[in-house]
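Reader: I am new to this structure and would be grateful for a close look at a single part of it. Please explain the terms as they arise.

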Amino acid sequence: MENYGLINQLAQYLITGITVGSIYAIVGIGFNIIYNATEIINFAQGEFVMLGGLVMVTLVHTVHLPMPLAFLITIAIVTLVGLLMERLAIFPLKETSVMRLVIMTIALSILIKGLAMFVWGKNSFALKPFSGDTPLSLLGASIVPQTLWIIGITVLLVVLLSLFFGRTIIGKAMSACADNLEAASLVGINAQRMVMLSFMLSAGLGAVAGMIITPMALMEYDRGAMLALKGFGACILGGLGNFYGAVVAGILLGLIESYGAGLISSGYKDALALGALLLVLFIKPSGLLGSAEASKLKKF
Amino acid sequence: MGTGYNKTHNILVLADHLSHTKTIQFNEDMLMKKSILFVCVILLALILITPASICKAAEPYKIGAVFSVTGRTSFLGEPERNSAKMFEEQINAAGGINGHPIELIVYDTEGDATKAKNRIERLIRKDKVIAIIGPSLSGTTMAVIPVIEKAEIPFVSCAASIKIVQPVKKWVFKTPQTDTQAVEAIYLHMKKHGLTRTALLTANTGFGSSGRVQLKKLAPKMGINIVADEVFGPKDTSMTAQLTKIRGTDAQVIIGWTVGPTQVIMIKNWKQLGMDKKFRFYESHGFGSKRNIELAGGAAEGVYAPLGRVVVADILPADHPQRNFVLKYKNDYEKKFKAEVSTFGGHAWDAMAMVTMALKAVGPDKAKIRDYLENIKGFAGTGGVFNMSPQDHCGLDSGAFEMIVVKDGKWALTD
C-alpha cells in the first residue's frame, strides 16, 4: 500500500481546484468585460474558448507553427471573430432592448458552434503541453507543468487587465462607459468604439482560456456551452460586472468542486458548486464582491 | 434488354440510311436538322428503354432501416447508415438474393423517440417493408417495440441495452453486445490475474450510468469488491479529484466507463498522478478508436479495454472464426468512406447480414424470417459469434469481446 495520506490528498484537491477554477475565472472575466460595456450577457463567451483551443490545435499540429507564434495568431483570429460578431450582429441592432441582444448572442453561439463542427468535425483534439508532461511533486500532490501555465497565465491576465483598466486612457474610457454610458458619451468617449473593443477583448481572453486548457482537457466543437455555464456561475457569484469578483468566485467554484468531489461525493460536485452559488445569491444578491448600489443602476 | 437493343438498333439504321441517301434532295441545313432530330430521338429512346430493362429483374425485397443519422448521436447512426447502404450495394452487385435485388429504405430518427416511431410506422404502412433494422439508441428502440410487436414484423435493433431483448419479445432481435457482457469480460480478466478490488470511475451520462449499474450488479456475483464509486460529468475538464480519492483506497484496478473526451482525460490524469504503476486501468468497450490512443499522447500505454473485434480485426489470429468476415467489412468500409471503422457500423452490418440470410433461406415471409432469425447458430458477425435461441434474441456472450491492451501506441492482444 502506497503511503498516501490525507494531507497529500488535500494538497492534490487544492491544485486541481485552483487549476479548474482559473479557467472559470478567465471565462467569467470575459463575461464581465462585455457586460460592463453593454449590459448584455454574451452567451457566445464559451464559443470563444472553444475557438481558441481548436484554432491553436490547427496552427500547431497542422500548420506546424511554433507555439508562441501560434498563440499570438490564435488570439488575433479569435479577436477578429469577436470584432465581426459585434459589427455584424450586435452593432446593427443598437437601438434595441438588452434582452434582444442577449438572445442574439445565443443565436451566435449556436452559429459558431455549427460552423466549428463543419470545420473541425465532431472529434476531440489534443494539443501538446506547453512544456512537457513530466509531473512535479509538491506535498505529495502531482503538478503537471501545464497546471502552472494555467495558473501563471491567469495571474498575468489579471495583472495586465487591472493595469489596462486602471492606467490606460482606453481602459479608463471603457470603465467610464461601464459606469455610465451616457455620461461617458457626453465627455467625448466614443461609446460604440468601446463596445466593439469590449467584444474584441473578451474574445481574446476566451481564446487564451481555450489554448491553455486544451493540452489538459482536449477540445471539441461543443465544449463551449459547459465552460460558459461555469464561467457565468463565477461571474454571478463574484458579482456581475466585478472584475476581481469573477477571479475570486471562479477559483472558489473550482475548489468547491474539487473538495466536494474528493471529500463528499463526486456525484454531487456540480450540485455543491451550484448550491454554493444559490446560497450566496440568497444572502447577498449582488454577489460576493458586487455592490448592491451599483447593481440597482443596471438593467439586470 | 433484348427489345431495347433492337429498338435502338433500328433507329440507328434508319438514321444512318436517311443521312446517307443521295436520291432525296435535301440541302445541307435540312440534313443537319434531321440528324440532330434523330440523335434526339435516339437519346430519348435510350432514356425510356433503360429503366424498362431494369424493371425486368425480379421484384426487389424491401428492407427498412431507421438510424440517428443526424443529431447528437450521429456518431452511431452515420456509420450504421453507411454500413447498411454498403451492404445493399454489395449484395445487389453480386446479383441480389435468389435473383431479387434488395432495396434498403433508410430514415433518420435524429435520435428522437417520436420520430423513430413515425418513421417505423411509415416503413410498415407506406413502404411495406419485409423487415426493419435499427434504431441506433436503446431509448428509441424501446419506444418502437410496441409498434413492431403489433405489426408483427421482423426487427433487428442496433442498440445496446439488455432491456431490448430481456424479457424476450417475439419479433425483436438485436446485434450489439451489451454492457453486461463487457463488464463480465473485464471481471473475468481481473480474476484471471488475481485482481479483486476495483474502483469505479463513471460518467453521469446514459452510457456511464448504465455501465455503473451493471458493474455494481455483477460485482458480488463474480467475487469482485468495489472499494470506490466515483462519478464525473461528460464535459468535465479534469478527473484528478476523483482519482486522488481512489488513490487513498486499496483498489488494485480502476474501471472507467464513459465515451467522448473524458475517456482520454481520465487516463491522462491517471498517468499524470503517477497512478499507473499501482492501479491497472480498464476502459469500457467504448474505447475502441485509435484516435483515443493518439489523443492520450502516451498516457494510454498499458490501458486495458474489452473491445469488439471490428476495431482489432487486423491483429486477430489467422484462424479466428470472425477474422475474415470482420476484416473484409473493415477494409471495405475504410476504403469506401475514408473513415476509421467503428463497432457501431458493424451492428448494422450484422443486422443486414442476418436479415438477408433469412430472406435467402425462407423468402419474403415475415413469420418464417422471424423463425429463421431465432434459430441462427454460429454466425460469426462483426459483433461476435451469434447463437440465437427462443430464450436469447441477441445470442452473444462475454466472448464477443477481445481483451486488448495498449502497447507501443497500438492495440495488442492479451491473455
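Author: The following account concerns one helix and the interface to which it belongs. The model is predicted, so local features need pLDDT of at least 70 and side-chain atom pairs count only at pLDDT 80 or more, while totals for chains, interfaces and linings use all residues. Residues are numbered from 1 along each chain as its sequence is written, and chains are lettered from A and ligands numbered from 1 in the order in which they are written.

In this model, 27 residues of chain B are in contact with 30 residues of chain A; contact requires that the C-beta atoms of two residues, placed from the backbone, lie within 7 Å. On the side of chain B that touches chain A, two or more residues come from each of strand 7 (225–232), helix 8 (240–247), helix 9 (262–272) and helix 10 (290–296) of chain B. Helices (H or I, at least four residues) and strands (E, at least two) are DSSP runs, numbered from the N terminus. Helix 8 of chain B gives the largest share of that side, six residues.

Helix 8 of chain B is largely enclosed by the rest of the structure, because eight of its eight residues are buried. A buried residue has 20 or more other C-beta atoms within 10 Å of its own, an exposed one 12 or fewer, and a partly exposed one a number in between, with C-beta atoms placed from the backbone. Among the buried residues of helix 8 of chain B are B:Thr240, B:Leu243 and B:Arg247. The buried residues of this helix pack against helix 1 (6–38) and helix 10 (243–264) of chain A. Within chain B, their partners are strand 6 (197–203), strand 7, strand 8 (253–257) and helix 9.
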